[in-house]
Amino acid sequence: FGCCTMEIFIVRHTTPDIDKGICYGQSDVSLAATFPEEAKQVLRQLPKKPIVYSSPSKRCVALAQQIPYQKMVQSADLMEMNFGDWELKPWSDIPEETLNPWMEDFVNYKVPNGESMGILADRVNHWFEHLRTTNDETVVIVTHAGPIRVLLSAIHQTPLEEAFERYQVAYGEVFIVREDAQ
């Protein structure tokens with residue numbers, strides 16, 4: 001085989017309906033009222049009839065279902081980082097004694113009852129390695145900022161420690177990557 005290039009469109013969900021400053025990793029929050037217009041902007045950047053992979057979070061599935069896809073597959077591996085005890089709390093209310101160690105070493109520091117960025121990366125990269133073995137030519141991945149930073153770090157071979165500085169990921173942003181099939 002080894003003949004083809006896979007074209008991958010990595011998409012962050014659109015704006016969620018939650019106050020700024022709230023930690024909401026795997027919490028299943030709804031989308032803002034601006035969703036229809038934001039979705040139209042995203043769809044203009046996507047190919048026709050791709051294979052779509054989506055996080056099962058409703059903020060991702062809603063967008064994935066708007067894409068005229070060949071096939072859609074939901075995968076829990078594409079979910080956002082699990083922020084455990086911090087879920088749905090204002091960042092400003094998270095005690096400094098747990099927030100500061102995470103801020104200093106988010107790759108290795110595990111959020112209480114949640115994940116570290118390293119755990120998230122293991123989950124997402126394992127999924128991505130499987131994707132690379134498929135014969136899919138055109139793929140759209142609808143996911144969250146954390147998994148997108150992990151994917152871009154893996155694709156560009158940059159350290160996870162630099163993910164937040166290197167990869168700003170806006171709501172509804174589309175990243176296009178071409179991968180040679182393995």
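**Pocket lining and cysteines**

Helix 5 gives the largest share of the lining of the largest pocket, with 3 residues. This is a predicted model, and the pocket in question comes out at a volume of about 580 Å³. Its lining runs to 31 residues, and those that lie nearest the centre are R12, E80, W91, A145 and R149. As for elements that give two or more residues to this lining, the list reads helix 3 (96-104), helix 4 (117-132) and helix 5 (145-155). Sorted by class, the lining of the largest pocket has 18 nonpolar residues, along with 7 polar and 6 charged ones.

Now for the cysteines. A disulfide is a covalent bond between the sulfur atoms of two cysteines. The count here comes to 0 disulfides, and distance tells the story for C23 and C60. The closest cysteine sulfur to that of C23 sits in C60, 16 Å away, and with a cut-off of 2.5 Å that is too far for a bond. Looking from the other end gives a matching picture: for the sulfur of C60, the closest cysteine sulfur is the one in C23, again at 16 Å, so a bond is ruled out by distance here too.

Both residues can also be placed by their accessibility. C23 has a relative accessible area of 1%, so C23 is buried. C60, at 0% relative accessibility, counts as buried as well. In short, C23 and C60 are each tucked away from the surface by this criterion, while their sulfurs stay 16 Å from each other.

Conventions
Residues are numbered from 1 along each chain as its sequence is written. This is a predicted model: local features need pLDDT of at least 70, side-chain atom pairs count only at pLDDT 80 or more; totals for chains, interfaces and linings use all residues. Side-chain values use heavy atoms; hydrogens and water are left out. Buried means under 20% relative accessible area, exposed over 50%, partly exposed in between (1.4 Å probe, protein chains only). On a 1 Å grid over the protein atoms alone, a cavity is a set of points where a 1.4 Å probe fits but cannot get out, and a pocket is an open set with protein on both sides within 12 Å along at least five of seven lines; lining residues have an atom within 4 Å of a point. Grid points are joined across faces, edges and corners, and a volume is the space filled by probe spheres set on the points. Helices (H or I, at least four residues) and strands (E, at least two) are DSSP runs, numbered from the N terminus. Ala, Val, Leu, Ile, Met, Phe, Trp, Tyr, Cys and Pro count as nonpolar, Asp, Glu, Lys and Arg as charged, and the others, Gly among them, as polar.
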